[in-house]
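Visitor: I'd like to learn how to read a model like this one, feature by feature. Could you walk me through it?

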Amino acid sequence: MLFLAAVLALALPAVIPLPREMTAAPGAFVLPAAVRIGARDPAAREAASFLADALRAHGRTADVGAVRGASPAIRLAAQAHDPRLGDEGYALDVGPSGVTLDANTGAGLFYGVQTLEQMLDGAGGALAGVHVVDRPEHAWRGLHLDVSRHFFPVAVVERYVDLAARYKLNTFHWHLTDDQGWRLEIRRYPRLTTVGGCRAGTQAGGPGSQRTDGRPVCGWYTQDQVREVVAYAARRHVTIVPEIEMPGHAVEVLAAYPQFGCGPGPYATRELWGVSSEILCPTEATFGFVDAVLSEVAALFPGPYVHIGGDEVPTTAWRASPFVTALMQREHLPTYEAVQGYFTRRVETLARAHGKRIVGWDEIVAGAVTPEAIVMVWHEAPEIVHAALVHNDVVMTPDPTLYFDAYQGNPAYEPLAIGGLTTARTVYDYRPPAGTHVLGVQGNLWTEFVPTPEQLWYMAFPRELALAEIAWTPPARLDADDFAQRLGPALARLERDGVPFRIPAPVFSASGAALTFPAQQLVRNRAAVTVDGAGIDVALSETVPDATIRYTLDGSLPSAASPPYAAPLHVALAPGERATVAAIAVLADGRRSAPAFLDLGRSAARRSPR
Ligand code: TNX
C-alpha cells in the first residue's frame, strides 16, 4: 500500500505538450459525481465551460458558478498578475481539497484547462496531486491547412482548429486561395468563387501525373461561414491568418477576371498540381483589385496578419509583357525579383491601410522586403534562413521537416503522398534557430494528395503532437523518449474522439535491448539483427495502449487473422539460418498500422580455434 502510494506520487500525468515546470504534490483529488467549478471573472467562466464539457464527458455533472462562501472543488481565475505566466501561461495545483487554476489571461486559463483535461483522461476518478507552472516557449505555434487543392467543409476546419487548440497551438494559417481554387467569398468580386472556386477536374494519380478525373468540382466558404469559423477559433484562443496568394499561385483569379493578367488569356482554374506560369500583372488595376479583396479580408479576420503568399513566382508572363518592361524602366527595377519586391511593397502598403501586417513565403526576401513583413521560411537552405533573419521576424516551416504532406513511412505501405519522409520523430527533433526574430514554428499541410477528412487526420496525427511540443516546451525539456511514452495516452484519447490518426507500427526489442531503426531502415520499416547464439528473444510493443499486435514468422504480411502477440517470441536459428518477424498493430475498430519487419540471421558456424 505504502509502495503503491509512493509510485502514484512519483508518476506524473502524461501531458502533451510537456509543461515547463511540473512536479508531483502530495495526495490526490477524488472527483465527486457533481463537480462545482468556481469562476471568478468572465474569462474564467469561458474557460470553465470547456472544463465542464470535459467533466460531463467523464460521466460527472458539472456546473459553473461564482466563487462564494462554500469553496468549490475547482476554482479558476484570470487575475493572477503573475509575471512568470506571461500572456499565455497558467499555474495549476491539484491536491486533496481540490484544483486551483490561475492565469493572467483567458488564454492562459484555456491552456490550463487543456492540461487538466489530459490529466482527467488517465485519472479514473482521482486526479493525482500536481503543481504546474507553465508558459509557452514560442509565441507563434502554427498549423496550416490548404483548402484550395482539396476543399474541406466548415465542420472539418473547425475540428482541425479544435484539435490544434487542445495541444496549445494558437495560430491557424488558412491557405484559402491557389491555382486550383479560390475558397473565400468576396462580395465585390463574385466570380472569384463562382468561377475561381470551380475547376473542370482534379489530377488523378501520383506526383507528375497529367491525368484528371474529368469531374467538375466547386467549393468555397461564404462570409457568414468564415465569421463562424473565426468566432469558433477565437473561443479557443486561435488566431486565424488568412492567406491570399499573389502574384503567383493565382491563375484561378485570372480565370474569373482575366484583366488582371499580363496576357490575353483565356485562363482556367488549374486541374493539375504544380504551379501555373500565369500570374497577376503588377498593374494599377490589379492593385485596385487587391485593395478591394484585402478590405473584405481585413473586415472578416480580426487577427493582426494577412498572408500574401509570394512563393514560387514564375516570371514567364512578366518577361513577355511590354507593360512589365516599361514598369521596370520607370521604377528602376533591374530584375524580376525586384518586380516581385515592388509588388510585395505595394500590397504591404494596402494591407497596412487595412490595419494588417503582412506575412509572406521566404521568396519575398529577394525583392527587398520592408522590415515589418513577417517571413515564413519554408526552404531549409541555411543561406535562405539567414537572409530572412537579417531584417525580419520569421516563422519557421521547413520543408519537408515540418511538412505534413510528406510520407510517414515506407511508401509501399502508406496512402499516396507527395514524397519525402517526415515522421513524428523528424518533427520532434527539429529545433528552430534561436533569437528574438524567430516568432515560432508551424506545420504545413498541403492537400494535393489529401482528398478526404480521414486522410487529413492521418497526415496530421501524430505529427501534430510532436509539433505542439516543440512549439510550446522549452528546448532543454524536450526528450524524444519521454515524448514517446506520453504519445500512447494521447493517441488513445484521439481514438476515443474518433480521430483516425496514423497508427505507429509495433516496436521491436531483441533480447532485452530496444532496436533503433536508423533513418534508412525506418523508410523500409525494417531492422536486422545478427544472432550469435542458438536463439533470440524478440519482444514487441505497441504505442496505442489498447492495440493488438499480430505477427508472422514466415516473412508474409501479417493480417487481422495472424496470431496475436502475447509474450516475447523465442526464435531458434541453426547456423546460417535466417528468419523474419513481421508485425502490425490493430485497433479495436479494425484499423491497422503499417507492418514492421525484423530480419534475424545467425552467422555460419565458425571453426573452433585450435
Ligand atoms: C510548395 S511550400 C508550395 C505549395 C505546395 C507544396 C507541396 C510553398 C510555399 N509552396 O504550393 O503545395 O510545395 O509540398
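Visitor: Let's start at the ligand. Which side chain has an N or O atom 2.8 Å from a nitrogen atom of the ligand?

Guide: Keep in mind that this is a predicted model. For a ligand, look for pairs of N or O atoms within 3.5 Å. Here the side chain of D311 puts an N or O atom 2.8 Å from a ligand nitrogen.

Visitor: What about the oxygen atoms of the ligand: how far is a polar side-chain atom of R149 from one of them?

Guide: That distance is 2.8 Å for R149. The side chain of E448 also has an N or O atom 2.6 Å from a ligand oxygen. As for cover, the ligand has 360 Å² of accessible area on its own, and the protein covers 91% of that.

Visitor: Which residues surround the ligand?

Guide: For a shell, we take residues with a heavy atom within 4 Å. The three just named belong to it, and the others are H249, E312, W361, W378, Y403, D405, I418 and W446. Sorted by class, the shell has 5 nonpolar, 5 charged and 1 polar residues.

Visitor: Now the interior. How many cavities of 30 Å³ or more does a search of the whole structure find?

Guide: A cavity is a space where a probe fits but cannot get out. The search turns up 1 of at least that volume. The largest cavity holds about 60 Å³ of space. Two elements each give two or more residues to its lining, β16 (239-246) and α8 (284-300).

Visitor: Which of the elements gives the largest share of that lining?

Guide: That's α8, with 4 residues. Among the lining residues of the largest cavity are W182, I244, M246, L280 and F289, along with E245. By class, the lining comes out as 9 nonpolar and 1 charged, with no polar residues.

Visitor: Let's step back to the whole fold. How many helices and strands does the protein have?

Guide: There are 17 helices and 29 strands. To judge overall packing, set the radius of gyration against the globule rule: the protein has 27 Å, close to the 25 Å given for 610 residues, so it is as compact as a globular protein of that length. Along the principal axes, its C-alpha atoms fill a box of roughly 85 × 80 × 45 Å.

Visitor: And the backbone oddities? What is the peptide bond from D399 to P400, cis or trans?

Guide: For this one, check omega: the D399 to P400 bond is cis, with omega near 10°. P400 sits in the loop between β20 (393-396) and α13 (424-428). The bond from F461 to P462 is cis too, with omega near 15°, and P462 lies in the loop between α14 (453-460) and α15 (463-472).

Visitor: One last check, on phi. Where is H81 placed?

Guide: H81 is in the loop between β4 (74-77) and β5 (90-95). Although H81 is not a glycine, its phi is positive, at about 45°.

Definitions and conventions
Residues are numbered from 1 along each chain as its sequence is written. This is a predicted model: local features need pLDDT of at least 70, side-chain atom pairs count only at pLDDT 80 or more; totals for chains, interfaces and linings use all residues. Side-chain values use heavy atoms; hydrogens and water are left out. On a 1 Å grid over the protein atoms alone, a cavity is a set of points where a 1.4 Å probe fits but cannot get out, and a pocket is an open set with protein on both sides within 12 Å along at least five of seven lines; lining residues have an atom within 4 Å of a point. Grid points are joined across faces, edges and corners, and a volume is the space filled by probe spheres set on the points. Ala, Val, Leu, Ile, Met, Phe, Trp, Tyr, Cys and Pro count as nonpolar, Asp, Glu, Lys and Arg as charged, and the others, Gly among them, as polar. A polar contact is a pair of N or O atoms within 3.5 Å; within protein, one must be able to donate a hydrogen and the other to accept it, and residues adjacent in sequence count only if both atoms are side-chain atoms. Accessible areas come from the Shrake-Rupley method with a 1.4 Å probe; for residues, only the protein chains shown count as cover. The radius of gyration is taken over C-alpha atoms; the globule rule is 2.2 Å times the number of residues to the power 0.38.
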